[in-house]
Amino acid sequence: MTTATLQAEPQPVARVARTYLNERTTIASWLLTTDHKRIALLYMVSITLFFLIGGAAATLMRLELLTPQGDLVASDTYNKLFTIHGVVMVWFFLIPSIPTVLGNFLLPMMIGARDVAFPKINLASWYLFMGGGAFAVFSILSGGVDTGWTFYTPYSSTYANGHVIAMATGIFIAGFGSIATGLNFIVTTHKMRAPGMTWMKLPLFVWSLYTTSIILVLATPVLAITLALMALERAFGVGIFNPSLGGDPLLFQHLFWFYSHPAVYIMILPGMGVVSELITCFARKKIFGYQFVAAASVAIAVLGFLVWGHHMFVSSQSIYAGMIFSVLSFMVAIPSAIKVFNWTATLYKGSISFHTPMLYALGFIGLFTIGGLTGLFLASLAVDVHVHDTYFVIAHFHYIMVGGMVMAYLGALHFWWPKITGRMYPEWLAKLAALSIFAGFNLTFFPQFILGYLGMPRRYHVYAPEFQVLNVLSTAGASILALGYFLPLGYLLWSWKYGKIAGPNPWRATGLEWTTPSPPPKDNFDTTPIVTEGPYEYDPRATEAELRAAHA
Amino acid sequence: MNEMHPTPRTYIINCVALLALLGLTIAAAYLNLGPFNTVVAMLISLAKGGLIALFFMHLRYSKPLIWIFAGAGVFWLGIMLVLALGDYLTRGWR
């Protein structure tokens, strides 16, 4: 990809003397860093902690659902558990995950820059995120909130007990962190590209980060305003959403979903970018239809803003608006399908190897497709009446967010782990974890499609006895899934110190980030790279010939 | 970005203009114009927003790319308003 020669084989070279990790090691040097790579690691630690909080709430819910009776927690506690799970997972894990961890780490390196455009604002973003997180944790510890992550009015603004305003304030503050990150990435992509790095030579991960950033900047302010209006109504009785005060409850849903539906694409677009990087590297092939995959990211970002009303089909929204939103929702399937077909076409006649990141990428494609197609069921006006607010919806969006997004995050983490730490993770254990996650995930969430179709509503902890078998299957799957999540937590930490030395480019991948030492020096590149080729200059035939020669 | 920046005098004039528009908003709220109360309030707020974007946010002194991004923000607001009104205005249809 550059004039610099890529490392042909992973070589056990001595660790570079000065890296971003060892340049300064005091706690202050981490907490006051403006290095995009260190900020990425700050985010990584933070979102892992939030993932554990959200995961603990999910564990308690799944345990409660083992039996049809409410015998583990009271209904009020259950309401708080699913609210904690939703709020923490959406705003404090999924939305920041790939952009703030891998995006922060990789974006400057992928475009040949030394840092993001505004390093200090980048650090401020993390502090905003943590400030927001502190409010959310305070709200949880001081009694919790039972509104669900959607904060529907007038329940949240008038009737709900608990620290609704504190929770909303947390999300409000963290949102400003998101906006600042989005702004930073947009300016970085426009202004910091190395000589020769034209838009059509950008890695697809950069395209996906760019489009995600645009959504972050355009949508998040609407959420901030919406939550502020809800808090105003709750604190001062200003009539905005509550009909008894002259407000309109559906206005909240319009404003909330104007942010929260695009937020789904904030979560999934970076995952799609990751998959494009992994599929090409492990199939040793150029991406099929680069321009289409890049344009599909833009199309998803734009169309994602036009579909929010499909969350409101049964809310007394006008049926005519419902029809428009239904048609527009179907249209999002087109760019999504372009991506899936192009990844599949990229695999065709590739020299495929099944390293752990590739397992996650292939898992993503299958699970995202199921999640996406079941989304079309929900976008159909009549079918939605039947499955609205049932476990069908829960299964659908977990296929997108866990099956898609978390798979992509873990795939990316494994793929770039050698770059981040300079060490390899243990491959067999990692494959075991990937397979556990795939199997556990499907066992957890596939029964929920059936439960929803049969009519089990979401957000209830007591259910009809005939649903028990499927719920037990789901809880059993969740325990396998949990094991799959704890494995990487253990072996990645272990490999940080004891893993095999990775060398600059263990995957023989293209991309500017692989031309620097692992871990990279503070300023990424000694000299500014000059880009002369597109991304993904892989040759599957040459790889096959090498493999044959090696096994001859 | 263009090197030209607003002078302190421009800021002060703008600030006074914004305060005057605020006064106008309050005054207009006391007039009974029927449905036109909303229209007048919207027009005044558009004028305020325009002044802020042009001078305080330096849009008047910026390159076309910045205008495109600012325009995108307004366009996206338009999407929100049009599609949400698509609900409100058709609820009574049979």
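Two residues count as in contact here if their C-beta atoms, placed from the backbone, lie within 7 Å. In this predicted model, contacts of that kind in chain A reach well along the sequence: of those with a separation of 6 or more, 86% link residues 24 or more positions apart.

As for secondary structure, chain A comes to 16 helices and zero strands. The C-alpha trace of chain A spans about 70 × 45 × 45 Å along its principal axes. How does the radius of gyration of chain A sit against that of a compact globule, and what is its value? For 552 residues the globule rule gives a value near 24 Å, and chain A has 23 Å, so the two agree. Burial can be put as a number too, with 56% of the 552 residues of chain A counting as buried.

Next comes the nonpolar interior. In soluble globular proteins, nonpolar side chains tend to be buried together. The largest nonpolar core in the model has 176 residues, and A:Ala168, A:Met405 and A:Ala408 are the ones with the most contacts inside it. Helix 8 of chain A gives this core its largest share, 22 residues. Leaving aside residues up to four places away in sequence, A:Met405 touches A:Leu94, A:Met267, A:Ile268, A:Gly271 and A:Ile400. Helix 8 runs from 249 to 283, a range that takes in A:Met267, A:Ile268 and A:Gly271 from that set of partners.

Helix 8 of chain A turns up again where the chains meet. Between the two chains, 12 residues of chain A are in contact with 11 residues of chain B. On the chain A side, the elements giving two or more residues are helix 7 (204-236), helix 8 (249-283) and helix 10 (319-347). Which of these gives the largest share? That is helix 10 of chain A, with three residues. Sorted by class, the chain A side has eight nonpolar and four polar residues, and no charged ones.

Chain B itself is split by the domain assignment into domain 1, covering 1-62, and domain 2, covering 63-94. The C-alpha centres of these two domains of chain B are 21 Å apart.

A few backbone details are worth a look. Most residues other than glycine have a negative phi, and most peptide bonds are trans. Chain A has a cis peptide bond from A:Thr153 to A:Pro154, with omega near 0°. A:Pro154 lies in the loop between helix 4 (119-141) and helix 5 (155-159) of chain A. Another cis bond joins A:Ser518 and A:Pro519, where omega is about -10°. A:Pro519 belongs to the loop between helix 15 (468-498) and helix 16 (540-551) of chain A.

That loop between helix 15 and helix 16 also holds A:Arg508, which has a positive phi of about 50° although it is not a glycine. Is A:Arg508 buried or partly exposed? A residue needs 20 or more other C-beta atoms within 10 Å to be buried and 12 or fewer to be exposed; A:Arg508 has 16, so it is partly exposed. Chain B offers a further case in B:His58, a residue other than glycine with phi near 65°. B:His58 sits in the loop between helix 2 (36-56) and helix 3 (64-88) of chain B. With 15 C-beta neighbours inside 10 Å, B:His58 counts as partly exposed.

Terms used
Residues numbered from 1 in each chain as written. Chains lettered and ligands numbered in written order. Predicted model: local features only at pLDDT ≥ 70, side-chain atom pairs only at ≥ 80, totals over all residues. Domains from an automatic or database assignment. Helix = DSSP H or I, 4+ residues; strand = E, 2+ residues; numbered from the N terminus. Nonpolar A, V, L, I, M, F, W, Y, C, P; charged D, E, K, R; others polar. Rg over C-alpha atoms; globule rule 2.2 N^0.38 Å. Core = buried A, V, L, I, M, F, W, Y, C linked by C-beta atoms within 7 Å.
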